[in-house]
Amino acid sequence: MSAGPYPTPPPSSRAHLTADLGSDVSSDDLLRLGIDQWQLESSALLDPSTGLYRHINDFDPYFWATGNGWMLHGGLRVLASIEQAGRADAFKTQIDDVRTTLGTVFTALFAQLDVSHTHRD
């Protein structure tokens, strides 16, 4: 249930919460679930032609600056949880994939700025 005018946390937040828990209880299964969940959400919303996340593909297919920020934040938190758990070597391939995606999106956000140096939200 949401408090006040704020919606339920975005899926990217749930992925990093799972990874946070995995780090706290030293569970590779939860760390894997967190990074897998983030990668699934990322692949569902990422537009490979622009390198940006769409809001909701079929209902609201526009790019959404806040949503891109949420996805970047969630991905970084998942990576931080795995690193904090000391398990980066066990997830090297997935970590490399997530880092590549994060770099692509971050770069694309700046490439899409309008003349007032903002991005539609």
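The following dialogue goes through the features of one predicted model and how each is read.

Visitor: What should be known about the model before its features are read?

Guide: This is a predicted model, in which local features need pLDDT of at least 70 and side-chain atom pairs count only at pLDDT 80 or more, while totals for chains, interfaces and linings use all residues. Residues are numbered from 1 along each chain as its sequence is written, and side-chain values use heavy atoms, with hydrogens and water left out.

Visitor: How many helices and strands does the protein have, and in what order do the elements run?

Guide: Helices (H or I, at least four residues) and strands (E, at least two) are DSSP runs, numbered from the N terminus. The protein has four helices and three strands. Read from the N terminus, the order is α-α-β-β-β-α-α. As for contacts, meaning heavy atoms within 4.5 Å, 61% of those with a separation of 6 or more are accounted for by residues 24 or more positions apart.

Visitor: What share of the residues is buried, and what is the accessible surface of the protein?

Guide: Buried means under 20% relative accessible area, exposed means over 50%, and partly exposed lies in between (1.4 Å probe, protein chains only). Of the 121 residues in the protein, 34% are buried. Accessible areas come from the Shrake-Rupley method with a 1.4 Å probe, and for residues only the protein chains shown count as cover. The accessible surface comes to about 7400 Å², and carbon and sulfur atoms hold 59% of that area.

Visitor: How is the span of a helix such as α4 to be read?

Guide: The expected span is 1.5 Å times one less than the number of residues in the helix. With its 20 residues, α4 reaches 29 Å from its first C-alpha to its last, close to the 28 Å expected at 1.5 Å a residue. For α3, which also has 20 residues, the end C-alpha atoms are 28 Å apart, in agreement with the 28 Å that the helix should span. Just after α3, Gly86 takes a positive phi of about 75°.

Visitor: Which residues of α4 are buried, and which are exposed on the face turned away from them?

Guide: The general idea is that an α-helix has 3.6 residues a turn, so residues three or four places apart point the same way. In α4, the buried residues are Gln94, Ile95, Val98, Thr101, Leu102, Val105, Ala108 and Leu109. Seen down the axis of α4, these buried residues fall within an arc of 160°, so they line one face of the helix; the arc is that of the directions from the helix axis to the C-beta atoms. The face turned away carries the exposed residues Thr93, Thr100, Thr107, Phe110 and Ala111. The cover over the buried residues of α4 includes α2, β1 (46-47), β2 (52-56) and α3.

Visitor: What does Ser81 in helix α3 contact?

Guide: Ser81 counts as buried, at 3% relative accessibility. Apart from neighbours within four places in sequence, Ser81 is in contact with His16, Ala19, Asp20, Ser23 and Leu31. Other buried residues of α3 include Gly67, Met71, Leu72 and Val78.

Visitor: How many salt bridges does the structure hold, and which parts does the pair Asp28 and Arg87 tie together?

Guide: A salt bridge is a side-chain nitrogen of Lys or Arg within 4 Å of a carboxyl oxygen of Asp or Glu. The structure holds five salt bridges. In one of them, Asp28 pairs with Arg87, the closest N and O atoms being 2.6 Å apart. Asp28 lies in helix α2 (residues 28-45) and Arg87 in the loop between α3 (65-84) and α4, so the pair ties together parts that are 59 residues apart in sequence. Asp28 is partly exposed at 24%, and Arg87 is partly exposed at 32%.

Visitor: How far apart in sequence are Asp29 and Arg32?

Guide: Asp29 and Arg32 both lie in helix α2, three residues apart, about one turn of the helix. Their side chains meet in a salt bridge at 3.8 Å, N to O. Asp29 is exposed at 57% relative accessibility, whereas Arg32 is partly exposed at 34%.

Visitor: Is Asp47, in strand β1, buried or exposed?

Guide: Asp47 is buried, with a relative accessible area of 10%. The side chain of Asp47 forms a salt bridge with that of Arg54 (2.5 Å, N to O), and Arg54 is partly exposed at 23%. Leaving aside neighbours within four places in sequence, Asp47 is in contact with Leu52, Arg54 and Phe63.
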